[in-house]
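Student: Please take a close look at the salt bridges in this model. I would like to know where the partners sit and how exposed they are.

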Amino acid sequence: MSKPQTAFDPVQAAPFLLGSGHCGWLGLEFRDHGADWVELELPWRKDLLAETGGEVLASGPIISLMDMASGLAIWTKLGRFEAIATLDLRVDYQRPARDGAAVTGRVECYRNTRSAAFVRGIAHDGDPADPVAHVAGVFMALQGADDRKGKL
(Lines give C-alpha, C1' and ligand atoms only; values in the text may rest on other atoms or scores of the structure.)
Protein backbone atom coordinates (compact mmCIF):
# COMPACT_ATOMS: atom_id res chain seq x y z
CA MET A 1 0.00 0.00 0.00
CA SER A 2 1.52 3.31 -1.05
CA LYS A 3 1.37 6.44 1.04
CA PRO A 4 -0.33 9.48 -0.51
CA GLN A 5 2.21 12.09 -1.57
CA THR A 6 1.96 15.46 0.14
CA ALA A 7 2.32 18.69 -1.83
CA PHE A 8 5.84 20.09 -2.11
CA ASP A 9 6.31 23.01 0.26
CA PRO A 10 9.60 24.89 -0.33
CA VAL A 11 9.48 26.38 3.18
CA GLN A 12 9.46 22.91 4.75
CA ALA A 13 11.83 21.35 2.19
CA ALA A 14 14.47 24.09 2.24
CA PRO A 15 16.09 23.19 5.60
CA PHE A 16 16.60 19.61 4.41
CA LEU A 17 17.65 20.44 0.83
CA LEU A 18 19.88 23.41 1.73
CA GLY A 19 21.24 22.17 5.02
CA SER A 20 23.66 19.50 3.85
CA GLY A 21 26.04 18.59 1.06
CA HIS A 22 27.28 21.25 -1.34
CA CYS A 23 24.36 23.62 -0.60
CA GLY A 24 25.02 23.31 3.12
CA TRP A 25 28.71 24.01 2.67
CA LEU A 26 27.90 27.11 0.59
CA GLY A 27 25.47 28.28 3.28
CA LEU A 28 22.54 28.80 0.88
CA GLU A 29 19.51 30.26 2.64
CA PHE A 30 15.84 30.19 1.67
CA ARG A 31 14.27 33.68 1.39
CA ASP A 32 10.85 33.49 -0.28
CA HIS A 33 8.69 31.78 -2.89
CA GLY A 34 5.54 32.10 -4.98
CA ALA A 35 3.47 29.60 -6.95
CA ASP A 36 6.22 29.14 -9.57
CA TRP A 37 9.32 30.88 -8.21
CA VAL A 38 11.85 30.60 -5.40
CA GLU A 39 14.40 33.02 -3.99
CA LEU A 40 17.59 31.90 -2.24
CA GLU A 41 20.56 33.79 -0.85
CA LEU A 42 24.28 33.07 -1.03
CA PRO A 43 25.90 34.86 1.93
CA TRP A 44 29.22 36.60 1.29
CA ARG A 45 32.09 34.60 2.73
CA LYS A 46 35.85 35.13 2.44
CA ASP A 47 36.57 31.57 1.26
CA LEU A 48 34.13 31.98 -1.67
CA LEU A 49 35.97 34.93 -3.22
CA ALA A 50 37.02 35.00 -6.85
CA GLU A 51 40.55 36.32 -6.43
CA THR A 52 43.07 36.73 -3.66
CA GLY A 53 42.96 40.34 -2.49
CA GLY A 54 39.47 40.94 -3.93
CA GLU A 55 36.15 40.91 -2.09
CA VAL A 56 33.87 39.65 -4.92
CA LEU A 57 32.15 36.27 -4.75
CA ALA A 58 33.38 33.78 -7.35
CA SER A 59 31.11 32.71 -10.22
CA GLY A 60 31.00 29.01 -9.24
CA PRO A 61 29.02 29.52 -6.00
CA ILE A 62 26.63 31.84 -7.87
CA ILE A 63 26.04 29.13 -10.49
CA SER A 64 25.32 26.65 -7.67
CA LEU A 65 22.90 29.17 -6.11
CA MET A 66 20.99 29.54 -9.37
CA ASP A 67 20.98 25.79 -10.09
CA MET A 68 19.45 25.03 -6.66
CA ALA A 69 16.94 27.91 -6.94
CA SER A 70 15.94 26.46 -10.34
CA GLY A 71 15.28 23.01 -8.87
CA LEU A 72 13.24 24.45 -6.00
CA ALA A 73 11.21 26.60 -8.44
CA ILE A 74 10.43 23.53 -10.58
CA TRP A 75 9.32 21.42 -7.58
CA THR A 76 7.28 24.35 -6.27
CA LYS A 77 5.44 24.71 -9.59
CA LEU A 78 4.93 20.94 -9.90
CA GLY A 79 3.69 20.77 -6.33
CA ARG A 80 5.81 17.71 -5.63
CA PHE A 81 9.41 16.54 -5.43
CA GLU A 82 10.71 14.30 -8.20
CA ALA A 83 14.07 13.50 -9.71
CA ILE A 84 15.28 16.12 -12.20
CA ALA A 85 18.59 16.74 -13.92
CA THR A 86 20.10 19.95 -15.21
CA LEU A 87 20.35 19.74 -19.01
CA ASP A 88 21.37 23.32 -19.66
CA LEU A 89 21.90 26.31 -17.38
CA ARG A 90 23.07 29.41 -19.18
CA VAL A 91 24.43 32.16 -16.92
CA ASP A 92 25.03 35.55 -18.53
CA TYR A 93 27.07 37.67 -16.14
CA GLN A 94 26.29 41.38 -16.33
CA ARG A 95 28.83 42.56 -13.75
CA PRO A 96 30.69 41.33 -10.62
CA ALA A 97 28.80 41.31 -7.33
CA ARG A 98 29.67 44.21 -5.06
CA ASP A 99 32.48 43.74 -2.53
CA GLY A 100 31.22 42.08 0.64
CA ALA A 101 27.67 41.66 -0.70
CA ALA A 102 25.51 38.54 -0.46
CA VAL A 103 23.93 37.43 -3.75
CA THR A 104 20.22 36.68 -4.06
CA GLY A 105 19.01 34.27 -6.73
CA ARG A 106 15.38 34.38 -7.87
CA VAL A 107 14.26 31.78 -10.41
CA GLU A 108 10.86 31.23 -12.04
CA CYS A 109 9.75 27.95 -13.60
CA TYR A 110 7.71 29.26 -16.52
CA ARG A 111 6.87 26.00 -18.34
CA ASN A 112 6.74 22.25 -17.75
CA THR A 113 6.31 19.70 -20.51
CA ARG A 114 6.16 15.90 -20.37
CA SER A 115 9.94 15.67 -20.19
CA ALA A 116 11.38 19.13 -19.48
CA ALA A 117 11.04 22.15 -17.24
CA PHE A 118 12.12 25.63 -18.34
CA VAL A 119 13.40 28.29 -15.93
CA ARG A 120 14.63 31.87 -15.99
CA GLY A 121 15.90 34.16 -13.31
CA ILE A 122 18.31 36.76 -12.03
CA ALA A 123 21.08 36.96 -9.47
CA HIS A 124 21.47 40.33 -7.76
CA ASP A 125 23.24 41.83 -4.77
CA GLY A 126 20.51 44.07 -3.44
CA ASP A 127 18.90 45.70 -6.47
CA PRO A 128 16.94 43.37 -8.80
CA ALA A 129 16.95 46.18 -11.40
CA ASP A 130 20.76 45.95 -11.53
CA PRO A 131 21.39 42.18 -11.76
CA VAL A 132 24.71 40.44 -11.41
CA ALA A 133 23.55 37.78 -13.88
CA HIS A 134 20.59 36.49 -15.87
CA VAL A 135 19.97 32.75 -16.12
CA ALA A 136 17.95 30.53 -18.43
CA GLY A 137 17.82 26.79 -18.12
CA VAL A 138 16.26 23.50 -19.08
CA PHE A 139 15.88 20.59 -16.67
CA MET A 140 14.92 17.04 -17.56
CA ALA A 141 12.15 15.38 -15.58
CA LEU A 142 13.46 11.87 -15.09
CA GLN A 143 9.95 10.42 -14.75
CA GLY A 144 8.36 12.83 -17.25
CA ALA A 145 6.25 15.86 -16.42
CA ASP A 146 3.29 17.35 -18.27
CA ASP A 147 1.44 20.24 -16.69
CA ARG A 148 -0.93 20.32 -19.69
CA LYS A 149 -2.59 17.25 -18.15
CA GLY A 150 -2.15 18.47 -14.62
CA LYS A 151 0.04 15.54 -13.64
CA LEU A 152 3.26 13.77 -14.50
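Tutor: The model is a predicted one. A good place to start is the salt bridge in which the side chains of Asp130 and Arg98 meet, with N and O 3.0 Å apart. Asp130 belongs to the loop between E5 and E6 and Arg98 to the loop between E3 and E4, so this pair ties together parts that are 32 residues apart in sequence. Asp130 is partly exposed, at a relative accessible area of 28%. Arg98 is also partly exposed, with 41% relative accessibility.

A second pair joins two strands. Arg120 forms a salt bridge with Glu108, and their closest N and O atoms lie 2.9 Å apart. Here Arg120 is in strand E5 and Glu108 in strand E4, and the pair links distant parts of the chain, 12 residues apart. Arg120 has a relative accessible area of 41% and is partly exposed; Glu108, at 25% relative accessibility, counts as partly exposed too.

The third pair is Arg31 with Glu41, where the closest N and O atoms are 3.0 Å apart. Arg31 lies in strand E1 (residues 29-33) and Glu41 in strand E2, so the salt bridge ties together parts 10 residues apart in sequence. Arg31 is partly exposed, its relative accessible area being 42%. Glu41 counts as buried because its relative accessibility is 18%, and the cut-off for buried is under 20%. This pair also belongs to a network of salt bridges that links Arg31, Glu39, Glu41 and Arg106. By the rule used, the count comes to 11 salt bridges.

The strands that hold these partners can also be placed against the nonpolar core. The largest such core has 35 residues, and among those touching the most other members are Leu40 and Leu42. Strands E2 (37-42), E4 (103-112) and E5 (116-124) are among the elements that each supply at least two residues of this core, while H3 gives the most, with 10 residues. Leu42 shows how the surroundings of one core residue are made up: beyond its neighbours within four places in sequence, Leu42 is in contact with residues including Leu26, Leu28, Pro61, Ile62, Leu65 and Val103.

How values were computed. Residues numbered from 1 in each chain as written. Predicted model: local features only at pLDDT ≥ 70, side-chain atom pairs only at ≥ 80, totals over all residues. Heavy atoms only, no water. Core = buried A, V, L, I, M, F, W, Y, C linked by side-chain atoms within 4.5 Å. Buried < 20%, exposed > 50% of the residue type's maximum accessible area, 1.4 Å probe, protein only. Helix = DSSP H or I, 4+ residues; strand = E, 2+ residues; numbered from the N terminus. Contact = heavy atoms within 4.5 Å. Salt bridge = Lys/Arg side-chain N within 4 Å of Asp/Glu carboxyl O.
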